[in-house]
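Here is a short report on backbone geometry and one helix position. Please look over the sequence and the structure first.

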Amino acid sequence: MIRFHGARKSTILPEWSTENKLLVSVNKSEEAIIDFGTKNLVMSQVEKKAGLLRRTSSSKKPLKEKVVLMYDEIFAVSAPAGGKKWWKEDPAKNNPRFWDELFLMKVNLEYLESKLESVNGEEVQRIQDNINSLFHHCVQALGEEHQIKVVNALQTLCALFRGVHQKNKSASGFDIINMLMGFDKAEQRMKDLMERLDSLLCGDSSESLKSLCLKLLLCLVTVTDNISQNTILEYVMINSIFEAILQILSDPSSRGQHGYDAVVLLALLVNYRKYESVNPYIVKLSIVDDEPTLDGMGVVLHQALTEYNRQYKDKEEENQGGFFSTLTSMVGSMFIADVDEKLSVQTNEAILLALYEAVHLNRNFITVLAQSHPEIDIAVTPSTPTPTTPTTPLGTTPPSLDVMNNPELPLDPNLQTSNLLITFLKYASIVMQDTKDEHRLNSARLCLIILTCIAEDQYANAFLHDDNINFRVSLHRMPMRHRKKPPGKNIPSRPLVCAVLDLMVEFIVTHMMKDFPMDLYLRCVQIIHKLLCYQKKCRIRLHYTWRELWSASPSLYAALINLLKFLLSNETTLLAKHNIFHLALLVVNLFNMFITYGDTFLPTSNSYDELYYEIVRMHQVFDNLYCMVLRVSTNTGQWKEAASKVTHALVNIRAIINHFNPKIESYAAVNHISQLSEEQVLEVVRSHYDTLTLKLQDGLDQFERYSEQPKEAAFFKELVRSISLNVRKNVSLNTLSQDVLLKEFSTIS
């Protein structure tokens, strides 16, 4: 038996077990840990703060748990004769089993990180050898068979990366590398670390260990606000884990457990110094042609977006019921803005970035967009518990296992299934509703960039326009005073390009506001133009409501003409911030595309007649636009050249107006009709085509292909910075649910 004598009554402890240490109860609030390796007895409190226990009396120092004492040994300082500070030697010198014992103990992340942050500059230099040694032994512990040691080593590494970077925000990357592992040994240390992480990710390790490895890598990648300033990532470029990420994505079980973290990690690594040097992750991602891997990546993205869409829909339905809905209906649309604000949930920019990189870099991934998912066998329920995740804003965390096992159901199981592109279009229709917040504006911009890449791709266009593969796509529409929300049951089954055009039209008609998102409008109109160019090139006659106007879904013609009216009405305000003539030119040239090449892609001859009817009917808008650009182009000023281009682009539209208007007026006068019907106007148009003269305009079916560098470089740098900050926050919250992990491995010797 063992008898403990101290300030309190003597306590009889049972015989010790075969373990290195024994935990016994002293009273309700305290425990005693006997470490038989060091013969030390240390008191620990059930409820601790930063590793410190309550004071036994005002004159005594607070007692500390064993692991905290060991951290203190690593950071310890003595005061020899003369009073000058010097740092203690390697703690293992007096205790050869120091490192073995350290990694058997539950990590105190908070205390270790705060300890690293508290040392000053001079102390950092003197303690560097001990920190280097701690890092080295963490890496070595990753190769241990005892998984408790592996868990604790991974968590200690997280604390090291975070603590050292937090302490040395202003230091150079080389200084941080030197402090962590020693610059002369850094290459070998990081090689060993990456090899062991790769081995854990690709081997037969438990799912919890693999999850912890990915969290460590996410922690490492995001410790700096700007990942391109994280010099340690040079070693991650050299010692690639790309293949390990692909293996996770290609295996259904691993994908279900770790797919989300894997694609986010890959998206971030792809963006490391992508404009400054050759990034091996970009090169490797661009040539992946393994179908199971690409499909696996698509499934992960699909499920993440699906969960967001489902939760948004649930939130929308929740807000439509009860007292709030009744009050809104009583006073009209007075509270629509409030509803929008409540539904403006946080977007998932990390998943959007991963989707963008896949679409932009890998042409083989385009086929994944069209992969049907009637049933998605993505995940297997884990046999071991996984770390719990705290509640975080919607859209910022991976899908739950329940969601991963329950894919989005098709709108009509007899007619269709869902796919990644449909899910993405629904997601885009949500985030593009509200662009007032910076995050939502960035998400909307990224959605349009992704659609730009899709609209330029030959295979994607072939699928989008395939009349034999039709879908019902229920896009989310912004509540507006002058229209009712369309019932989902009336959605026609059409080629997917119709849903893309609907999304562009929806954005155009719902964002004509004082804080005008010019950049997004330019992208919308350019996407429409690229789709029309493909239709003209391949002579695809798309059955789409180019002109028909109904309250729930305005036509493309009406949307474009209303956009021109808005630019005219707000000329002075908009010109103070934007070159509205560039946007006006793009819109006018869309009409020129219809005028010049409409006979190759409009579905019927009547469609061509209706185009001319619409131009003549809305002639006042085009007349006013011509007057404005003529005025600006004839005066000296900033916009002279831009306005002049619009003047020349209007030549055929003005010719149509000037040709048909007199004939329509003459027909009305001769037949004594004060107001002609649509059919009568169309009859005049059809009978006078032969006398209309138009000028041939070159380059209408040409466009500048998308290029990320240099135009989009600044946007992506800021976007990745925002994503990195968000990922870092979530990793710090949920990385290391120690109690769950330690419980899982407590029976492993």
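Helices (H or I, at least four residues) and strands (E, at least two) are DSSP runs, numbered from the N terminus. The model is predicted: local features need pLDDT of at least 70, side-chain atom pairs count only at pLDDT 80 or more, and totals for chains, interfaces and linings use all residues. Residues are numbered from 1 along each chain as its sequence is written, and side-chain values use heavy atoms, with hydrogens and water left out.

**Backbone geometry**

Most residues other than glycine have a negative phi, and most peptide bonds are trans. Two arginines with positive phi are tabulated here.

| Residue | Phi | Loop |
|---|---|---|
| Arginine 273 | near 45 degrees | between α11 (252-270) and α12 (280-286) |
| Arginine 539 | about 50 degrees | between α23 (518-538) and α24 (556-569) |

Glutamine 709 and proline 710 are joined by a cis peptide bond, with omega about 10 degrees. Proline 710 sits in the loop between α31 (678-687) and α32 (713-734).

**Aspartate 599 and arginine 539**

Aspartate 599 belongs to helix α26 (residues 580-601). Its C-alpha is 9.0 Å from that of arginine 539, while 60 residues separate the two in sequence.

Buried means under 20% relative accessible area, exposed over 50%, and partly exposed in between (1.4 Å probe, protein chains only). Arginine 539 is exposed because its relative accessible area is 57%. Aspartate 599 has 48% relative accessibility, so it counts as partly exposed.

Which residues does aspartate 599 contact, leaving aside neighbours within four places in sequence? They are Arg541 and Tyr608, where contact means heavy atoms within 4.5 Å.
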